[in-house]
Amino acid sequence: MDALAGLLDGPRAKGAFLLRMVMEPPWSVRIEDGAPLCLMCVTEGEAWITPSSGEPVPLRPGDLAIARGPEPYTVADAAGRPPRARVGPGGECATLSGEPLAETMRLGVRTWGDALDGGTTVLVGTYLVDGEVGRRLLDALPPLVHLPAELWRCPLMPFLEEEIARDEPGQSAVLDRVLDLLLIAAVRAWFARPGAEAPAWYRAMADPVVGRALRLLQDDPAHPWTVASLAAKASVSRAALARRFTALVGEPPMTYLTDWRLALAADLLREGDATLESVARRVGYSGAFALSAAFKRVRGVSPSAYRSGT
């Protein structure tokens, strides 16, 4: 598994929120849905996205933005435009005074806005549940990713624009998979751009010693790894591996392994109905008790509380 494949092994949309937003200026929408990740691509006109703590970013035709939640942000036709509507959890839209807008602004299948011939069209795809996107991927991204059209060419966009307004059997599954592919393509383009700031462990993959150790940990987290066994596989001394790994990754090998195991466990807990015991053994813990203790120590909540979202 290469570094990028390891990072992207996780996007699994399930009933994601997708729509085509068509608006006529002036307009402004405050996004407060708490979703872990949202992709937006402008196909016509211009939009501005303003994170809670950051400068407004313009989105022009062909540009793509990835907003990482749960912090709110504003999307508008102009920077600084006061919000006129609010999108809450589950994609529910209302005026600032609480009047529902879902029906009054419905323009067709997965199409929403204030005018069918509006000057701005934005394709929106939102992952609604944490477990649908791997924690390592979320941690690797800044609060707002902006890919200008000149750095981002993806044949999926015309396909998504055509499919998003179709209403056929299995359409939600088609859109879920297209959204996953779109996210993977966007992250790949983000890390390939000039001056990209990838996570330390991602950059360390290029090192012949540390990269080998990282791949071993990522590919087989359930193995009873020790620094000594990793060093033997990487053909270096235990001290040399520990020193080099910590310098390049920013943490010791066993600390990285613990974080990686718990990240996998968090995704598995949100994915389905697997028992805590089975999740524990899949990620390298002797049983449910050991996983629970580590999970609560590192993440501050029990696995059951994390799974239920409480």
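1. Charge distribution. In this predicted model, the chain carries 33 positive and 37 negative side chains. The centres of these two sets of charges are 10 Å apart.

2. Overall dimensions. The radius of gyration of the chain is 21 Å, in agreement with the value near 19 Å that a compact globule of 310 residues would have. Measured out along the principal axes, the C-alpha trace extends over about 65 × 40 × 40 Å.

3. Secondary structure and contacts. The chain contains twelve helices and 13 strands. Of the contacts between residues at least 6 apart in sequence, 71% are made by residues at least 24 apart.

4. Burial and surface. Of the 310 residues in the chain, 48% are buried. The exposed area of the chain is about 14,400 Å², and 55% of this area comes from carbon and sulfur atoms.

5. Cysteines. The disulfide count is zero. Cys93 takes part in no disulfide: the nearest cysteine sulfur belongs to Cys38 and is 13 Å away, whereas a disulfide requires sulfur atoms within 2.5 Å. Cys93 is classed as buried because its relative accessible area is 6%, which falls under the 20% limit. Cys41 is likewise buried, at 3% relative accessibility.

6. Cis peptide bond at Pro26. The bond from Pro25 to Pro26 is cis, and its omega is near 0°. Pro26 is located in the loop that runs between β1 (17–23) and β2 (28–31).

7. Cis peptide bond at Pro70. Gly69 and Pro70 are also joined by a cis peptide bond, with omega about 5°. The loop holding Pro70 lies between β6 (64–68) and β7 (73–76). A colleague inspecting the backbone may wish to view this bond together with the one from Pro25 to Pro26, which is cis as well.

8. Backbone at Arg110. Arg110 is not a glycine, yet its phi is positive, at about 50°. Arg110 sits in the loop between β10 (106–108) and β11 (111–113). How accessible is Arg110? Its relative accessibility is 25%, so Arg110 counts as partly exposed, since that class covers values between the 20% and 50% limits.

9. Backbone at Ser235. Ser235 is another residue other than glycine with a positive phi, here near 60°. The residue belongs to the loop between α7 (227–234) and α8 (238–249). Is Ser235 buried or exposed? With a relative accessible area of 65%, Ser235 is exposed, because the value is over the 50% limit.

10. Surroundings of Gln171. Gln171 is part of helix α4, which comprises residues 171–192. Its relative accessible area is 4%, and Gln171 is therefore buried. Which residues does Gln171 contact, neighbours within four places in sequence aside? These are Arg110, Glu163 and Arg166. The contact with Arg110 links helix α4 to the loop between β10 and β11. Within this pair, Gln171 is buried, while Arg110 is partly exposed.

Conventions: Residues are numbered from 1 along each chain as its sequence is written. This is a predicted model: local features need pLDDT of at least 70, side-chain atom pairs count only at pLDDT 80 or more; totals for chains, interfaces and linings use all residues. Side-chain values use heavy atoms; hydrogens and water are left out. Helices (H or I, at least four residues) and strands (E, at least two) are DSSP runs, numbered from the N terminus. The radius of gyration is taken over C-alpha atoms; the globule rule is 2.2 Å times the number of residues to the power 0.38. Buried means under 20% relative accessible area, exposed over 50%, partly exposed in between (1.4 Å probe, protein chains only). Contact means heavy atoms within 4.5 Å. Accessible areas come from the Shrake-Rupley method with a 1.4 Å probe; for residues, only the protein chains shown count as cover. Lys and Arg count as positive and Asp and Glu as negative; His and the chain ends are not counted. The place of a charge is taken as NZ of Lys, CZ of Arg, CG of Asp or CD of Glu.
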